[in-house]
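Let's take a friendly walk through this structure together. Have the sequence and the 3D view open as you read.

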Amino acid sequence: MIKEPISKYIPFVPLKMERRAWPDKEITQPPIWCSVDLRDGNQALVDPMNLQEKLEYFHTLVDIGVKEIEIGFPSASETDYEICRELIEGGHIPDDVTIQVLVQARPHLIKKTFEAIQGAKNVILHFYNSTSTLQRKVVFHMDMEGITKIATDAADLIYEMSKPVLEQGMNLRYQYSPESFMGTEMDYAVEICQAVLEHLHATPEKKVILNLPTTVENCMPNYFADEIEYFISKLPSRDCAIISLHPHNDRGEGVATAEMGMLAGAERIEATLFGNGERTGNVDMVTLAMNMYIQGVDPGLDFSNINKIREMYERCTKMKVGERQPYAGELVFTAFSGSHQDAINKGTKYMEESHSEKWEIPYLPIDPADVGRAYEPIIRINSQSGKGGTAFVMQHTFGFELPKAMHPEFGHIVQVETDRVGTELKPERIYQLFQENYIDAVKPYELVRHSFAEFTDEEGHSHVTFAGTIRHTDGSFQVQGSGNGPIDAFFNAIHGQKMDRFTFVDYKEHAIKRGSDSQAVAYIHLQDQDGKDWFGVGMSHNINLAPLKGILSAINRAVKG
Ligand code: KIV
Ligand code: ZN
């Protein structure tokens with residue numbers, strides 16, 4: 001890199017706008033969507049898609065609900081020509097779907113394109129030529145007049161060639177793109193587009209699509225929105241045009257460009273799934289649509305099985321969807337960080353307890369279920385994770401509702417392990433740690449047999465007597481005690497033994513169903529004479545036995561230190 005990039009790069013010069021209306025606007029309805037996956041996206045692939053792949057891709061787009069699909073450049077490639085014919089002749093195109101074909105503003109290519117679309121029901125014929133200052137200077141060596149003539153000559157030819165086709169009943173519409181619009185003087189862009197509208201005899205009833213691309217994204221999205229607002233305000237035949245955008249993503253701002261462009265008046269967006277396309281890609285249709293969705297606007301596209309769409313996309317294009325790709329990436333619904341996990345945990349509880357219909361979970365801008373990703377672990381555990389995350393996994397994967405006071409202790413056990421192994425811990429390993437540390441803490445003190453006797457006095461008070469045998473590594477001993485319930489009786493029974501340094505702090509029990517087997521799990525909280533907390537867990541089919549095992553689990557863990 002150089003010290004003074006200004007000596008090498010020409011910065012974008014924003015329009016001088018006294019007033020702008022778009023910043024106060026809101027997106028309240030979806031644009032007309034047009035997919036350019038099969039043309040712009042396909043053109044950018046290392047290995048362009050074959051016929052079968054394109055057909056599968058086309059059907060996926062139809063299933064998603066895209067109604068305008070650019071299927072290729074039939075005059076430029078034999079494969080695109082064949083695909084166009086197969087789509088038409090093979091009956092693949094539903095009646096409510098319009099295919100779009102791209103062609104340069106050159107007579108022989110336009111003629112070939114008309115051949116390619118014979119027999120189709122709904123077609124958008126999309127022609128373009130490049131208009132920017134840079135392209136005029138370095139590629140075409142032409143002035144504005146010459147560039148306009150290319151466009152209007154093409155418009156005349158298209159208009160003439162359409163006549164028999166329209167008579168045959170084809171619903172044929174036109175689209176013109178001033179390619180490299182973003183680098184074109186805005187007044188000239190208006191001039192050439194107006195000329196094209198006139199040569200195509202556009203009317204409010206037969207509108208022409210003016211597609212304004214950021215062929216190479218060259219400015220901040222707010223500057224682009226200014227250009228769109230300006231363009232629209234100056235276009236004399238505004239009511240005869242549908243304003244469409246075709247954002248690329250060179251600055252990584254394609255989505256913002258589309259969104260702000262819509263605020264500025266654009267009505268249609270050309271996009272691709274996951275943002276495939278030349279260089280850094282075209283604007284990502286999924287992100288754009290889902291951004292609207294989580295603002296409460298139905299995008300009119302169905303991404304409720306995003307994994308299936310991603311799988312098709314990766315297979316057909318041989319491209320990868322990045323792990324952090326919005327809404328679709330493998331890791332976008334996963335939290336590793338402790339504080340995020342804690343907040344997600346609290347948000348999930350809040351939603352359950354409040355029965356709120358609104359989605360209010362911090363760090364999860366969208367319900368993963370809405371894109372078919374409810375079954376993936378939201379919380380995954382590595383060395384950055386905290387106690388809340390571990391508790392979440394125990395509850396949501398295995399059904400153990402650890403008491404809050406126990407979270408730090410088990411969280412610490414898990415963290416020591418993540419630090420030791422240096423990698424993510426899978427839920428199964430977390431459960432194993434839980435089992436090893438709590439449920440399997442059955443030595444040195446083990447309850448071998450026991451019985452309870454219970455009676456209720458005249459005042460309704462319950463009196464329980466416990467008698468049992470406890471095995472210790474040194475031998476077995478009998479214990480006996482009474483209390484107002486089984487736990488109290490057992491704790492009093494063992495209190496006189498070597499275990500009397502513990503006080504009973506708290507207890508929680510719930511049922512847990514694993515397969516057809518239902519058991520009780522009891523979490524016991526004891527404190528030793530130094531004020532140190534010890535937790536134990538007991539499981540049993542007998543709800544009276546689970547807490548006793550839990551008490552011994554806590555004591556055994558304390559004895560081991
Ligand atoms: O990026 C672009 O400018 C294009 C045009 C053909 C619309 O793809
Ligand atoms: Zn493009």
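## A starting question

Which residues does lysine 532 touch, not counting those up to four places away in sequence? Please keep in mind that this is a predicted model.

The residues in question are Leu526 and Gln527. To find lysine 532, look in the loop between β13 (517–527) and β14 (533–540). The side of the chain holding phenylalanine 502 is also worth a glance: its C-alpha atom and that of lysine 532 are separated by 9.5 Å, with the two positions 30 residues apart along the chain.

Is lysine 532 buried or exposed? Lysine 532 sits in between: its relative accessible area is 43%, so it counts as partly exposed.

## Strand β13 and its partners

On one side of that loop is β13, and here the picture is one of enclosure. Of the 11 residues of β13, 8 are buried, so the strand is largely enclosed by the rest of the structure.

β13 pairs with two strands described here. With β12 (residues 503–514) the pairing is antiparallel and runs over 11 bridges. Arginine 514 stands opposite aspartate 517 of β13. The hairpin that β12 and β13 form has 2 residues between the strands, and glycine 515 in the turn shows a positive phi of about 70°.

With β14 the sense is again antiparallel, over 8 bridges. One pair to look for is alanine 520 with its bridge partner in β14, serine 540. This hairpin has 5 residues between its strands, and glycine 531 takes a positive phi near 85°.

## Histidine 525 within β13

A good residue to centre your view on is histidine 525, which lies in strand β13. Why does histidine 525 count as buried? The relative accessibility of histidine 525 is 11%, and buried means under 20%, so this residue falls in that class.

Its surroundings are worth displaying as well. Leaving aside neighbours within four places in sequence, histidine 525 is in contact with Ala405, Thr503, Phe504, Val505, Asp506, Asp533, Trp534 and Phe535.

## Another hairpin: β9 and β10

Moving back along the chain, strand β9 (residues 446–456) and strand β10 (residues 462–472) also pair in the antiparallel sense, in this case over 10 bridges. If you would like a pair to pick out, arginine 449 has threonine 469 of β10 as its bridge partner. Between the two strands of this hairpin are 5 residues, and glycine 460 adopts a positive phi near 85°.

## The surroundings of ligand 1

Now for the ligand. Which residues are around ligand 1? They are Arg39, Asp40, His126, Ser177, Glu179, Asn211, Pro213, Thr215, His246 and His248. Sorted by class, this shell holds 1 nonpolar, 6 polar and 3 charged residues.

Several side chains place an N or O atom close enough to list a distance to an oxygen atom of ligand 1. For threonine 215 the distance is 2.6 Å, for histidine 248 it is 3.0 Å, and for aspartate 40 it is 3.3 Å. Ligand 1 taken alone exposes 260 Å², and the protein buries 94% of that. The elements giving two or more residues to the shell are α1 (37–43), β5 (171–179) and β6 (208–214).

Terms used:
Residues are numbered from 1 along each chain as its sequence is written. Chains are lettered from A and ligands numbered from 1 in the order in which they are written. This is a predicted model: local features need pLDDT of at least 70, side-chain atom pairs count only at pLDDT 80 or more; totals for chains, interfaces and linings use all residues. Side-chain values use heavy atoms; hydrogens and water are left out. A residue is near a molecule or strand if one of its heavy atoms lies within 4 Å of it. A polar contact is a pair of N or O atoms within 3.5 Å; within protein, one must be able to donate a hydrogen and the other to accept it, and residues adjacent in sequence count only if both atoms are side-chain atoms. Accessible areas come from the Shrake-Rupley method with a 1.4 Å probe; for residues, only the protein chains shown count as cover. Helices (H or I, at least four residues) and strands (E, at least two) are DSSP runs, numbered from the N terminus. Ala, Val, Leu, Ile, Met, Phe, Trp, Tyr, Cys and Pro count as nonpolar, Asp, Glu, Lys and Arg as charged, and the others, Gly among them, as polar. Two strands pair if DSSP finds at least two bridges between them. Buried means under 20% relative accessible area, exposed over 50%, partly exposed in between (1.4 Å probe, protein chains only). Contact means heavy atoms within 4.5 Å.
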